[in-house]
Amino acid sequence: MLRKILLAITALTIFLVATDSPLTSRSNVRAVSAASRFIGQVQRRDIVSNGLVALTSGVPVNGSLPTPNPNTCVLSDTQYTIAVPNGASELKVDLNGNQDVDLFIRFGQPATIQDGTVVADFRSESLTGTESLTVNSASFPALQSGTYFVVVSNCGPGAANFTVTATVPLSCTYQLSPTSQDFTANGGSGSVNVITSLNLCAWSVGQVPGWITITSGSSGSGNGTFNYVVSPNLSFTPRSQTLTIAQQAFTVNQGAASEGGSALDLIVDDGSFEDSIGRTDPGPLYVVNRLTPTRYPATLAEVAIFFRNVGGAPSIGAPITILVGNNSDGDANINNTSFQITPTSIQALGQFNVYDVPDVTINSGDFVVGFFISNPVNVFPIALDRTLPSRGRSYYSTTDGRTFIFHDSAVPDLAGNYGIRARLAPTTSACVYTLNPLSQSFGINGGNGVVAVNTSSNNCAWTVSGVPNWITILSGSSGSGNGAFNYVVAANTSPNPRSGTFTIAGSLFTVTQDGNARTPRILGAVVQGKSLIISGENFAVGASLLMDGVRQKKVRNDEQSPDAILIAVKSGKLIPKGFSVVLQVENPDGTLSPEFRFTRP
């Protein structure tokens with residue numbers, strides 16, 4: 001015979017549950033309706049302030065709960081927090097346990113127990129060990145930015161082990177401004193603004209070529225800036241590189257070095273090539289120009305060769321050998337010149353092909369530069385400038401590359417200049433150093449920095465000195481020629497900003513860093529016994545609490561989360577139920593949080 005009828009009331013439905021015992025069992029309620037929010041009597045356990053654990057999106061955290069009393073559930077004294085940023089579209093919390101566990105979520109303040117029931121905004125209470133809750137714009141209440149509190153209950157029969165995972169999917173979009181930048185051959189510094197849809201959207205910069213140096217902003221989160229330096233282009237050809245920044249394309253274009261009028265350019269042609277010449281029978285072909293620098297010592301850096309794109313042109317990829325020699329007496333006889341050789345291939349037609357060569361330094365006379373190509377049957381690789389008067393500096397050999405024939409004498413009706421040029425390295429007589437940038441600023445967390453050191457010659461040595469002790473040198477404390485000084489700035493734990501100036505390659509470089517004076521912000525509050533628990537961010541050690549403008553006594557930082565939780569030990573009893581107060585947190589440096597209105601439930 002049935003002894004008792006219990007009414008289990010939900011939002012819209014009344015369930016009649018017959019029982020044989022004075023206390024309705026939880027399983028009987030669930031048997032009627034898994035949707036019912038009645039979960040039996042929750043065994044009350046005070047929620048202690050040091051039981052808050054911050055979750056990271058997508059990272060599971062393990063926990064455990066003791067065995068509850070029969071026919072009850074025990075609520076965890078650890079509550080988890082997850083920050084939802086402005087612009088997020090969803091919060092999803094998954095719970096997996098080894099037996100019957102339930103999941104609760106509350107916005108802005110920890111979940112509490114009232115009349116044996118968990119007070120929360122969202123709950124998932126099946127009879128299994130797997131629960132999941134999703135909060136979005138269609139939820140009631142709808143998803144909002146701020147801190148959500150997550151708590152787990154164990155409904156037995158034994159002790160429970162569980163894993164809770166909170167995920168805030170980020171809908172990240174990225175924009176670059178500008179999307180490209182142009183530089184002259186002299187190079188210079190540039191910057192790109194990275195614009196993200198959310199502050200938590202991370203980004204990075206992909207690989208960069210050797211002629212671009214990153215000075216700051218190789219990665220970031222939220223809006224940021226990528227800063228870089230483009231080295232001088234000593235080549236006769238322009239160059240371009242597309243970088244990947246925050247998954248977006250950014251293009252750097254740089255012009256070629258001057259093709260005339262520079263003391264570094266050794267040129268005998270006028271840039272227009274009317275004819276191509278070569279040999280019609282098998283055999284070797286050596287082609288060179290005799291080029292005279294305007295000053296000594298002179299060091300060769302590059303050789304540029306023009307290959308025409310016409311009938312009889314050589315093929316792209318065809319092997320050639322670059323020749324660099326010294327005609328020390330400077331006369332017209334270049335026979336028996338000894339050459340340094342660089343095997344390579346034809347890169348392109350209809351333009352100059354630029355080749356790096358080993359350093360060759362002369363103190364008098366001429367450079368003899370050109371190329372060798374083997375067995376060019378009916379191939380005409382020599383680009384000829386026929387603008388008169390000829391400069392009389394072009395030679396060829398069809399035998400051993402030691403006996404050369406003066407072109408204008410051999411074919412006077414085709415007198416002219418070969419399309420072979422050279423570029424000198426800057427003089428080493430006077431070293432000139434430039435830094436880029438000349439200063440750099442950091443936030444309180446510090447970070448990595450890079451300074452590009454540009455020199456006028458590869459032989460110009462430089463050092464770094466006078467670095468303050470809060471800056472650590474990673475690499476580049478000294479060098480010769482172009483290089484980079486890499487360093488890391490330590491976090492600034494002082495509220496005061498700091499600055500350090502030191503010497504790099506004889507020039508002053510300044511690093512400035514913000515003080516640790518971040519603005520505190522209150523995200524939630526809850527009364528626990530006599531205490532008022534404040535949750536938020538940027539709470540400095542020794543922060544105080546103002547309630548309706550009155551500074552509260554006995555306020556301390558939480559031991560586990562000192563920057564996110566403040567405990568006003570006796571302030572909770574000053575707030576009657578249903579009353580509202582205005583709260584503010586003040587850091588020791590005087591930084592004050594925005595006002596937060598708290599109404600005690």
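## Cys155 and its disulfide

Cys155 comes out as buried in this predicted model, because its relative accessible area of 13% falls under the 20% cut-off. Its partner is Cys73, and the two sulfur atoms sit 2.0 Å apart. Cys73 is buried too, at a relative accessible area of 0%.

The link bridges distant parts of the chain, with the two positions 82 residues apart. On one end, Cys73 belongs to strand E6 (residues 72-75). On the other, Cys155 is found in the loop that runs between strand E14 (146-154) and strand E15 (160-167). As for handedness, the torsion about the S-S bond of Cys73 and Cys155 is about 105°, so this disulfide is right-handed.

## The other disulfide

There are two disulfides in the structure. Besides the pair just described, Cys172 is joined to Cys201, again with an S to S distance of 2.0 Å. Here the S-S torsion is about -95°, so the Cys172 and Cys201 disulfide is left-handed.

Both of these cysteines sit in loops: Cys172 between E15 and strand E16 (174-177), Cys201 between strand E18 (188-196) and strand E19 (202-204). The bond therefore ties together parts 29 residues apart in sequence. Burial splits the pair: Cys172 is partly exposed at 27% relative accessible area, whereas Cys201 is buried at 0%.

## A six-stranded sheet

Moving along the chain, there's an open, antiparallel sheet of six strands, in the order E30-E29-E32-E27-E34-E35. Strand E30 (339-345) and strand E35 (405-406) are the edges, each pairing on one side only.

Within that sheet, strand E27 (residues 284-291) runs antiparallel to strand E34 (residues 394-397), and four bridges connect them. To pick one spot in this pairing, Val287 has Tyr396 in E34 as its bridge partner.

## Around Gln584

Gln584 is part of strand E53 (residues 580-586). Despite being a polar residue by name, what matters here is the number: Gln584 has a relative accessible area of 16%, so it counts as buried.

What does the side chain of Gln584 reach at 2.8 Å? That would be the backbone oxygen of Ser593. Ser593 is also among the contacts Gln584 makes beyond four places in sequence, along with Leu592, Pro594 and Glu595. The rest of that contact list is Ile522, Ser544, Leu545 and Leu546. Asp548 is 36 residues away from Gln584 in sequence, with a C-alpha to C-alpha distance of 8.3 Å.

Conventions:
Residues numbered from 1 in each chain as written. Predicted model: local features only at pLDDT ≥ 70, side-chain atom pairs only at ≥ 80, totals over all residues. Heavy atoms only, no water. Buried < 20%, exposed > 50% of the residue type's maximum accessible area, 1.4 Å probe, protein only. Contact = heavy atoms within 4.5 Å. Polar contact = N/O pair within 3.5 Å; in protein donor to acceptor, adjacent residues only side chain to side chain. Pairing = 2+ DSSP bridges. Disulfide = S-S within 2.5 Å.
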